[in-house]
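I opened my notebook beside the viewer today and went element by element. Here is what I looked up, in the order I did it.

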Amino acid sequence: MQIRCNINHKEYNLEVEATSRVLDVIRELGITSPKEGCGEGECGACSIFFNGKLVNSCLLLAGQIQNAKILTLEGLYEETKIVRENFETTGAIQCGFCTSGFVLRSYDYVKESGVKDEQSVKDALDGNLCRCTGYQKIVDAVIKSMA
Amino acid sequence: MKYLIAKNLDDALTLREENPNFTLLFGASDIALKMKNNQVSGVVDLTHLDELSYIRKNENSIKIGALTTINAILQNRDITQFIPILSEASKEFASHQIRNIASLAGNVANASPVADMIAPLLVLNAKVTLLSSKGERTIFLSDLIIGFKSLDLNNEIITSFEIEIQKRQHYYRKVGPRAKLNIAKLSLAMVKQDERYFISGASLNPYVKRFTNLEELLNGKNYSDVDIKEAMDKDISPSGSFRSTKEYRRKVLFNMLGEALGKFAI
């Protein structure tokens with residue numbers, strides 16, 4: 001199926017199976033910040049913005065992104081600068097596999113003028129898993145980004 | 001596998017009629033996984049029908065379009081104010097990323113025994129509007145879900161839900177192994193309206209349905225714990241599964257009923 005869409009501010013005309021996962025379609029274009037963690041919508045490592053909403057790209061089918069606007073971390077590099085720097089300085093990163101998903105969700109939360117208290121931040125991160133850092137530093141990084 | 005995209009509602013009805021056995025996509029967060037395992041023969045993608053995504057408050061009711069996402073419900077102030085049980089259920093639904101794409105109709109149409117949104121809709125006496133090329137009909141949701149993952153549909157598409165605005169007390173609790181991204185071991189949804197109880201819960205039957213024996217008992221004046229347990233056992237047939245055991249589900253449901261009745265008594 002011919003899929004027209006805008007990914008990271010660039011127009012694409014893709015010949016793909018409509019049933020392909022958007023995660024695979026994007027990665028095969030060389031855009032590799034979305035990672036496959038669980039492949040079941042639990043870990044959030046594959047998070048992308050789909051028409052402005054953060055979703056799991058492993059549960060999104062190519063047919064759904066016809067005429068859509070997609071943004072990954074690559075397309076939001078400047079916008080996520082504060083969050084990324086706070087992840088670095090608070091040590092909210094170890095192996096890095098979950099980080100692009102966490103940075104996008106944190107940016108999303110901060111941008112939507114999220115509440116600064118710790119429990120609200122933890123609630124907001126309910127769709128992202130990290131198996132290295134233990135979350136506290138990630139929560140600290142998000143709160144720091146709302147200073 | 002065939003993947004057909006509906007461009008508008010008329011298109012959707014035609015595709016539905018021509019392909020009665022195809023799975024309808026209302027968001028795909030459930031179906032995408034089944035597709036990975038080759039459990040789907042064909043799909044009609046309805047996710048491009050923006051006209052089915054809305055929340056409208058009328059004088060006496062709130063109408064929710066089929067494709068409205070769980071996060072849209074969670075963030076809607078009319079729903080928080082007039083149907084708070086739906087906000088509470090939405091808050092505990094999956095994760096932020098899934099709530100951004102999973103739709104109300106998708107959760108209902110999948111008709112899973114563990115679906116989060118069906119029990120609250122049932123105790124709100126929600127109506128559902130179904131559309132086909134032959135016309136439209138509006139029925140109670142309780143008449144739509146007729147068995148395990150089974151709906152009483154005739155080449156129809158769910159287009160909207162409607163919930164009356166009423167003065168209600170409510171109780172909702174979902175019990176599972178973790179705080180977030182939680183799949184229920186069981187849940188209890190309960191509404192008290194005009195001194196009458198409406199009760200349902202997930203993961204306690206092959207499909208989510210109203211607990212009519214409990215409703216009848218509690219709407220009467222006198223009952224004991226023994227009566228509640230007897231009525232409960234008529235209403236539920238929990239399976240033991242990898243998520244929980246029959247005995248755990250029975251015990252916790254009984255305890256939650258006590259908690260709910262305590263809350264309503266205040």
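**Entry 1: what covers helix 2.** A reminder to myself before I start: this is a predicted model. I began with the surroundings of helix 2 of chain A, and found that helix 3 (99-111) and helix 5 (136-144) of chain A are among what covers its buried residues. Which residues of helix 2 are buried? I looked through residues 81-90 of chain A and noted A:V83, A:R84, A:N86 and A:F87. Seen down the axis of helix 2 of chain A, these buried residues fall within an arc of 165 degrees, so they line one face of the helix. That fits the textbook picture: an α-helix has 3.6 residues a turn, so residues three or four places apart point the same way. Turning to the other side of helix 2 of chain A, I found A:K81, A:E88 and A:T89 exposed. Just after this helix, I checked the backbone and saw that A:G91 takes a positive phi of about 75 degrees.

**Entry 2: chain A as a whole.** I counted 5 helices and 5 strands in chain A. Reading from the N terminus, I wrote down the order β-β-α-β-β-β-α-α-α-α. Is chain A compact or extended for its length? Its radius of gyration is 15 Å, close to the 15 Å that the globule rule gives for 147 residues, so chain A is as compact as a globular protein of that length. The C-alpha trace of chain A spans about 45 × 25 × 25 Å along its principal axes. Buried residues make up 50% of the 147 residues in chain A. Of the contacts in chain A with a separation of 6 or more, 61% join residues 24 or more positions apart.

**Entry 3: where chain A meets chain B.** I found 23 residues of chain A in contact with 19 residues of chain B. On the chain A side, strand 4 (residues 53-56) gives the largest share, 4 residues. I sorted that side by type and got 8 nonpolar, 9 polar and 6 charged residues.

**Entry 4: a sheet in chain B.** Next I traced an open sheet of 3 strands in chain B, ordered 11-12-13 with antiparallel pairing. Its edge strands are strand 11 (169-175) and strand 13 (196-200) of chain B, each pairing on one side only. Neighbouring strands of this sheet are turned by 10 degrees against each other on average, direction ignored. Strand 12 (residues 186-193) and strand 13 of chain B pair over 5 bridges, and B:A189 stands opposite B:S200 in strand 13. Lastly, I followed helix 11 (residues 246-265) of chain B, which lies across strand 11 and strand 12 of chain B and runs at about 25 degrees to strand 12.

Definitions and conventions. Residues are numbered from 1 along each chain as its sequence is written. Chains are lettered from A and ligands numbered from 1 in the order in which they are written. This is a predicted model: local features need pLDDT of at least 70, side-chain atom pairs count only at pLDDT 80 or more; totals for chains, interfaces and linings use all residues. A residue is buried if 20 or more other C-beta atoms lie within 10 Å of its own, exposed if 12 or fewer, and partly exposed in between; C-beta atoms are placed from the backbone. Helices (H or I, at least four residues) and strands (E, at least two) are DSSP runs, numbered from the N terminus. The arc is that of the directions from the helix axis to the C-beta atoms. Two residues are in contact if their C-beta atoms, placed from the backbone, lie within 7 Å. Ala, Val, Leu, Ile, Met, Phe, Trp, Tyr, Cys and Pro count as nonpolar, Asp, Glu, Lys and Arg as charged, and the others, Gly among them, as polar. Two strands pair if DSSP finds at least two bridges between them. Axes are lines fitted to C-alpha atoms, for helices over the stretch in contact, and angles run from 0 to 180 degrees between N-to-C directions. The radius of gyration is taken over C-alpha atoms; the globule rule is 2.2 Å times the number of residues to the power 0.38.
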